[in-house]
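Colleague: I am new to this model. Please take one close look at the sheet, and at what packs around it.

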Amino acid sequence: MPNDTALFIGQFLRSPATIGAVAPSSRRLAAAVCAPIPERGEPIVVELGPGTGAFTAEIQQRLDGRGHHLAVELNEQLARLLAERYPAVDVAHDDATRLGELLGERGLRMADVVVSGLPWAAFPDDVQRELLGAVTGAMSPGAAFTTFSYIHAIPLSSARRFRALLAERFEEVVPGRTVWRNTPPAFVFHARRPR
């Protein structure tokens, strides 16, 4: 099994705007980000930018064989690795802007939970808007969206713009506590009821 940190650094150096991290997320951050996954039923859970699978493992544990877990990864090498590690996960090597189409191709209704590992603060305004539009367009009315931001990104204009965009696209946005046991430290946004 490859060293995830080394793989992440290599992919980050090749494409920092799409990878956005130099190390996989910690278990504590994964637990915080995946908290909205329901304990019962057959939820459709979408994971965006799963990387090497830190959130994937947590989602699989919480689902415990229920529902449908669609993981959308743009990086071909990471998508291939994820599919090998997690055969129960429906891994799509594709662009998250096609989320509605990806769900439709699988005969799935709208997502109940969307967990995002995408580097939102690294994206320009038009990309943030296009991606978040695809996400909200593919969510059921009561669905939850969770993502995170690194603490050092708080002052960036792109991070402030993304927080404003979240408030514009969701009725409720609640920032979580800082997860200090992550490299680098991060905090989570929980958003509900897409507009």
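Modeller: What follows starts with the sheet, moves along one edge, and ends with the helices and rings.

First, the ground rules. This is a predicted model, in which local features need pLDDT of at least 70 and side-chain atom pairs count only at pLDDT 80 or more, while totals for chains, interfaces and linings use all residues. Residues are numbered from 1 along each chain as its sequence is written, and side-chain values use heavy atoms, with hydrogens and water left out.

The chain has eight helices and seven strands. Both are DSSP runs, numbered from the N terminus: helices are H or I with at least four residues, strands are E with at least two. Of the 195 residues, 48% count as buried. Buried means under 20% relative accessible area, exposed means over 50%, and partly exposed lies in between (1.4 Å probe, protein chains only).

Now the sheet. It is open, with seven strands in the order β3-β2-β1-β4-β5-β7-β6. The pairing is mixed. Two strands pair if DSSP finds at least two bridges between them. β3 (90-93) and β6 (170-179) are the edge strands, each pairing on one side only. Neighbouring strands are turned by 15° against each other on average, direction ignored. Axes here are lines fitted to C-alpha atoms, for helices over the stretch in contact, and angles run from 0 to 180 degrees between N-to-C directions.

Go to the β6 edge. β6 and β7 form a hairpin, with six residues between them. The two strands run antiparallel, and seven bridges join β6 to β7 (residues 186-194). Two bridges can be named. Thr178 has Phe187 of β7 as its bridge partner. Pro175 has Phe189 of β7.

Glu171 is also in β6. Its C-alpha atom is 7.7 Å from that of Ala191, though the two residues are 20 apart in sequence. Setting aside neighbours within four places in sequence, Glu171 is in contact with Arg192, Arg193 and Arg195. Contact means heavy atoms within 4.5 Å.

Next, the loop between β6 and β7, where Asn182 lies. Is Asn182 buried or exposed? Asn182 is buried, with a relative accessible area of 7%. Its side chain reaches the backbone oxygen of Pro184 at 2.7 Å. That is a polar contact: a pair of N or O atoms within 3.5 Å, where within protein one must be able to donate a hydrogen and the other to accept it, and residues adjacent in sequence count only if both atoms are side-chain atoms. Not counting residues up to four places away in sequence, Asn182 touches Ser25, Ser26, Leu29 and Tyr150.

Two helices pack against the strands. α4 packs on the sheet and touches β1 (44-48), β2 (68-73), β4 (111-116) and β5. The direction of α4 makes about 170° with that of β1. α7 (residues 125-137) lies across β1, β4, β5, β6 and β7. It runs at about 145° to β5.

The rings come last. A pair of aromatic rings is described by the distance of the centres and the angle of the planes. The structure holds seven aromatic pairs. Rings of Phe, Tyr and Trp (its six-membered ring) pair if their centres lie within 6.5 Å; planes under 30 degrees apart count as stacked, over 60 as edge-to-face, and the rest as tilted. Take Phe55 and Phe148. Their ring centres are 5.7 Å apart and their planes stand at 85°, so this pair is edge-to-face. Phe55 sits in α4 (residues 54-63) and Phe148 in β5 (residues 139-150), so the pair ties together parts that are 93 residues apart in sequence. Both Phe55 and Phe148 are buried.

Phe148 also pairs with Tyr150. That pair is edge-to-face too, at 5.4 Å centre to centre, with 75° between the planes. Phe148 has a relative accessible area of 11%. Tyr150, at 11% as well, counts as buried. Tyr150 is also one of the residues that Asn182 touches. Elsewhere, ring pairs link Trp120, Phe123, Phe145, Phe162 and Phe170 into a cluster.

One last number concerns the whole chain. Among contacts between residues at least 6 apart in sequence, 68% join residues at least 24 apart.
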